[in-house]
Structures are given as structure tokens and as C-alpha cells.
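Student: I have a protein structure open on my screen, and I would like to learn how to read it. Could you walk me through it?

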Amino acid sequence: MIYVVLVRVACLLAASTTVCFCAAPMGWNSWNSFANIVNSQIVQQQAQALAANGMKEAGYQYVVIDEGWWLGERDTAGNIVVNPKQWPAIEPGQKDGDMANIAAFIHSLGLKAGIYTDAGRDGCSMYPDSGAKYSNTGSEGHYEQDFVQFLKWGFDYVKVDWCGGAKEKRSGAVQYAQVARAIKHAEEATGRRLFLSICEWGSQNPWFWAPGVGGVESTIWRTGGDIIPPVVESLHDPEHAKRVITLKNVLDSFDAGIHPEAQHTGYYNDLDMMVMGMRGMTDAMDRIHMGLWAMASAPMMVGSDLTRLSPETLSLLNNREALAIHNDPYGLQPIKVFEPIPGVQVWAKPLAVAGRRAVAILNRTDIPAQVQIDWGKLGLVGTPPRLRDVWNGRDIAAAESSFPVPAHDLRLLSVDGEDRKPVEYPAGRSNIVGIQATGGPTFARLEYTNTSGQVAVVSVKSTSGLSTSLALPPTAGSGTGMAGFILPRGTADLSFEGPKVAVRKLTVHYW
Ligand code: GLA
């Protein structure tokens, strides 16, 4: 609680002079546990659980209704028509069949409301779950109309899927730019913000084009397919009965989502909704899941049934020190710094406090491991004087550098030491060429001004061939913005598109 309040206060104080950093969104999504049986009652129960079980205080704020909320029916003016029995009135004076009812309910709990559509004509529809296949559940041809409608209903967030787009063989970059611009127009028309969640599954490398697509703020993009097909506990058909989550499901989503060069302050690779505590997940698997998503600063949209979480799962989801790693202002993905034996991996990421690192020791194997950490590989000088075990919130003896990790488990540490001296590049320029990132993981901190009034997309070109783009929100007056990013290996050139963007300071840390 104190941490969350401090971040919010820091943002408010900073807002007058600098751009406010936004952590990746946290909340609940209906798909993994309810699939196409989602309805008003289920969403109300889940929202109430989230508001009452400590998750809201921990920072989980979005309640997102995924596919299944409508069946592709529009009126003669093209407006979406929903089933009044699925979305009835909740309060006196409301009308059945109005999505504003559920959005208002979610808001009444102090939470934000999310909804779902597809960038194509059709959505993913009902497959692979029970029920018929429905057409026309996407927004193509109605982008602005639908986004205005979502905002008028009261929604704050929209997940835009890719089933229809893929079926029509569209370009993701082109289609999502249109989506982003339509959202911007809808925001201008209604005076409300609609957060865009891009769900293109990594099929067209969205990490290269999604940050700031269409020149507007688009801050999360899915990097892979679904972590699991939905596990709907109330459906007792043979198909659902046999669905069990495995550690491989979780690890595959993490592995598919590692694109550290693309992620930077405020812009995030989305590893998919979380399956904490769902069928097949053990406490150790939950630790791995929570630890990896926190290390990756990935969106934390929990897809579990929140009314059935065990105290253990809940305490992991609400672990303040893990969430502080997740919400770190740099918002970076971790780097695998070494793998002493195959499947035993040490992942580390720089945090915004000088000399601080988050470290995950992941044991994918089925035998216990003892892992010796070489602090030099984390860009630190000497042995760090302060080590913390995040899961139990206790300090570890400072001289410790060898850690036991059970089979199929994850240790999460926070480490305070001294940074190796960084290199500083000259300020006041719009292009910086020849940044060396050849020796090992290289992390950069950029202070910039962007007086163009809109998101500037800056390219980082690298001799390794792995080029990427950074989206830099506008700055106000003489204020600066900050972006932390990980450089692709090789020699990198940073080039700013417009004349209204300039570097104030670029500091490069070599690990
Ligand atoms: C796709 C998405 C999922 C979910 C389903 C709904 O598979 O990747 O997250 O939204 O569609 O059908």
C-alpha cells in the first residue's frame, strides 16, 4: 500500500515538469476461467472479489470482459446489440441490455472497466469452447463507432484481438495503426481515455512496430499465443475436464515474450493473462509464474477465478516487494546473465534505484540446484552489501552468494550494490551514433525532451541487425522525460525522427 501510494504521489509531483511513467496494467480478465460463458453476474462477483481480497490495494485495477460478451449483432445504424439476459439492469432505473450497467458497477468499486474486440471483421468467436461459431464479432468497418460506444458505456480499456485480421491476411502494423488513430478520435469525441491492449500474438513481430503505433500511445502488445485454452470449472464436458496447466505452458509464454530491446519505460511486451492458482498450478509453479511476470514487468491481468484463490496464491499476487519489481519505473525485462547448467538460469534486471537489481534464479529442471552468483555479471562492483529474499521479505546474510533452489521453483532476490561506472554521451543532440554494446548486456538511461506534443517514435539501429524503436511521450515546457532501455548487441545508433526531440543525457551501463 505504502509503495503504491508513494509511486502515485511521485507521479503527481513529477507531472508538472516531467512525463509520468505508467507501470504495465494490472487486473483481471474473464477469458481463462470463464471463456464465452461470461455474463454480468460473473463479472460482478469477480470485481467484488478483487475489491475485497487485497488485490485492489496492491494495485490490480482493471476488470476486463473478454470475448463472448456479444454475438456479432448490430442495429440498422451499425451499433452493437447485446443480449439483455446476459447484461441485465443492475440498479433501478437501468435498462436491460446496456453495457453501461456493468461498467458503472465496476466503477462503483473504485476499479476500471475493460472490454474486448477484434481488429478484423470476425472475432475468434466460440472455438475452441462449447457453442456455435458466430461471425461479425470484430470491429473492422466500425472502429471509431465502436470505440466511441465503449467510451460512452464507460469502459477505460480495450483489448483488440487479431483473429479476424489474421483470417483476412492483414498487416498488423497497418491495422493497429488505424485502430490506435480511431481510439484517439474517439477519445477526442468523448473526452475520455481508452487504454489499448494489442493482442496480435507476436505473429508479425509487434515488438518492432507496436510501441507508439499510429503515433499515439499504445503501450502493451501480446508476444505469443494463449498461455492455455480456457479452463472453465463449471463446464463438465470432456474437453474442459481434461485441461490441466503445466509448467511448460507458463515457461513457453515467458520464453516467447522475451524481447528486452523492445521494452522500455512505459511500453511492455505482454506475456498473456496469468493463470495463478488454476487447475494444475502448484505453489511452486505460482512462484515461477509470479516471479517471471514481475521480472518482465509484464501486464498482470489475472485470468483465474478470483473467488477461489488459495491464501498462498493470493499472498504471492499481493507480494509488495515482487510488485515493486514489477512496477519499477524503468519497467524493463530481465536479461539472462548466466546458466550454470542447462535449465538453471539466473535472470537479472536493472531497477531505477542506483545499484539495485532484481534477480530471479529459475530452476526448470527436476533436480534441486545450488547456484553461485557472480555479481560482476550483473554490472556490480564487489559483493553487494544488501540482499533480500522477496518471497519471505527477509534480508539474507550479506556475504551470501550461493543459493539453493528446489526443483521446478524460483528464488526472487532484490540486491543493492554499487554500479560499475557508466559511460555518458554528450547531451543536446538529436542523433547519437556508435554506442558500443558489444561486450555483454547493455542498459541505457535516456533523459529527453519531446516538445512535438505527441508520442515520438525513435529508432535504435544496431549493427547486429536487431533494430528497435522507442516511443517517447511528449514532455511539457522545460521538463524532461526518462526512458530506460536495453540496447541490442552490437554498435547502436540512436536517431530521433523529428527536430523537436533532443537528448538531455544518455547514460550507458555495461554489465
Ligand atoms: C484469442 C486471444 C485470447 C482470448 C481469445 C478469445 O485467442 O489470444 O487471449 O482473447 O482469443 O477468443
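**Reading strands, helices and cores**

Tutor: Gladly! Let us start with one pair of residues: phenylalanine 338 stands opposite valine 346 in β10. Keep in mind that this is a predicted model.

Student: Which strand pairs with β10 over four bridges, and in what sense?

Tutor: Strands are said to pair when at least two bridges are found between them. Here strand β9 (residues 335-341) pairs with β10 over four bridges, in the antiparallel sense. The two form a hairpin with two residues between the strands, where glycine 343 takes a positive phi near 95°.

Student: What joins β10 to strand β11?

Tutor: Seven bridges join β10 to strand β11 (residues 356-363), and these two run antiparallel. One pair to look for is proline 350 with its bridge partner in β11, arginine 357. This is a hairpin too, with five residues between β10 and β11, and glycine 355 in the turn has a positive phi of about 75°.

Student: How many residues of strand β10 are buried?

Tutor: A residue counts as buried when its relative accessible area is under 20%. In strand β10 (residues 344-350), seven of the seven residues are buried, so the strand is largely enclosed by the rest of the structure. Look at its faces in turn: Val344, Val346, Ala348 and Pro350 are buried on one side, and Gln345, Trp347 and Lys349 are buried on the other.

Student: In what order do the six strands of the open sheet come?

Tutor: Read across the sheet from one edge to the other. The order is β9-β10-β11-β16-β13-β14, with antiparallel pairing. The edge strands, β9 and β14 (394-396), each pair on one side only. From one strand to the next, the twist averages 30°.

Student: How many bridges are there between strand β13 and β16?

Tutor: Six bridges link strand β13 (residues 380-389) with β16, in the antiparallel sense. Within this part of the sheet, arginine 386 stands opposite aspartate 416 in β16.

Student: Now for a single residue. Is aspartate 409 buried or exposed?

Tutor: Apply the cut-off from before. At 7% relative accessibility, aspartate 409 counts as buried. Aspartate 409 lies in strand β16 (residues 409-419). Leaving out residues up to four places away in sequence, aspartate 409 touches Ala284, Arg287, Ile288, Ile361, Leu362 and Asn363. For a sense of scale, look at tryptophan 209, which is 200 residues from aspartate 409 along the chain; their C-alpha atoms are separated by 34 Å.

Student: Which strands does α12 lie across?

Tutor: Helix α12 lies across β10, β11 and β16, and runs at about 35° to β16.

Student: How do the axes of helix α11 and helix α12 cross?

Tutor: To read a helix pair, look at how close the axes come and at what angle they cross. The axes of helix α11 (residues 247-256) and helix α12 (residues 283-295) come within 10 Å and cross at roughly 10°. Angles under 35 degrees count as roughly parallel, so α11 is roughly parallel to α12. On the α11 side, the contact is made by Leu247, Val250, Leu251, Ser253 and Phe254, and on the α12 side by Met285, Ile288, His289, Leu292 and Trp293. Sorted by class, this contact has eight nonpolar, two polar and no charged residues.

Student: Which residues meet where α3 and α5 are in contact?

Tutor: Ser40, Val43, Gln44, Ala47 and Gln48 in α3 meet Ile102, Phe105 and Ile106 in α5. By class, that contact holds five nonpolar, three polar and no charged residues.

Student: What about the other open sheet, the one with eight strands: what is its order?

Tutor: Its order is β7-β6-β5-β4-β3-β2-β1-β8, and the pairing is parallel. At the edges are β7 (268-270) and β8 (300-302), each pairing on one side only. The twist averages 25° from one strand to the next. For one pair inside it, find strand β4 (residues 157-161) and strand β5 (residues 195-198), which run parallel and are joined by four bridges.

Student: Lastly, how many residues does the largest nonpolar core have?

Tutor: The largest nonpolar core has 103 residues, and those with the most contacts inside it include Tyr60, Trp69, Phe147 and Trp293. A second, separate core of 25 residues includes Phe338, Val344, Ile361 and Phe403.

Terms used. Residues numbered from 1 in each chain as written. Predicted model: local features only at pLDDT ≥ 70, side-chain atom pairs only at ≥ 80, totals over all residues. Heavy atoms only, no water. Core = buried A, V, L, I, M, F, W, Y, C linked by side-chain atoms within 4.5 Å. Buried < 20%, exposed > 50% of the residue type's maximum accessible area, 1.4 Å probe, protein only. Contact = heavy atoms within 4.5 Å. Nonpolar A, V, L, I, M, F, W, Y, C, P; charged D, E, K, R; others polar. Axes fitted to C-alpha atoms, helices over the stretch in contact; angles between N-to-C directions. Parallel < 35°, antiparallel > 145°, perpendicular 65-115°, else oblique.
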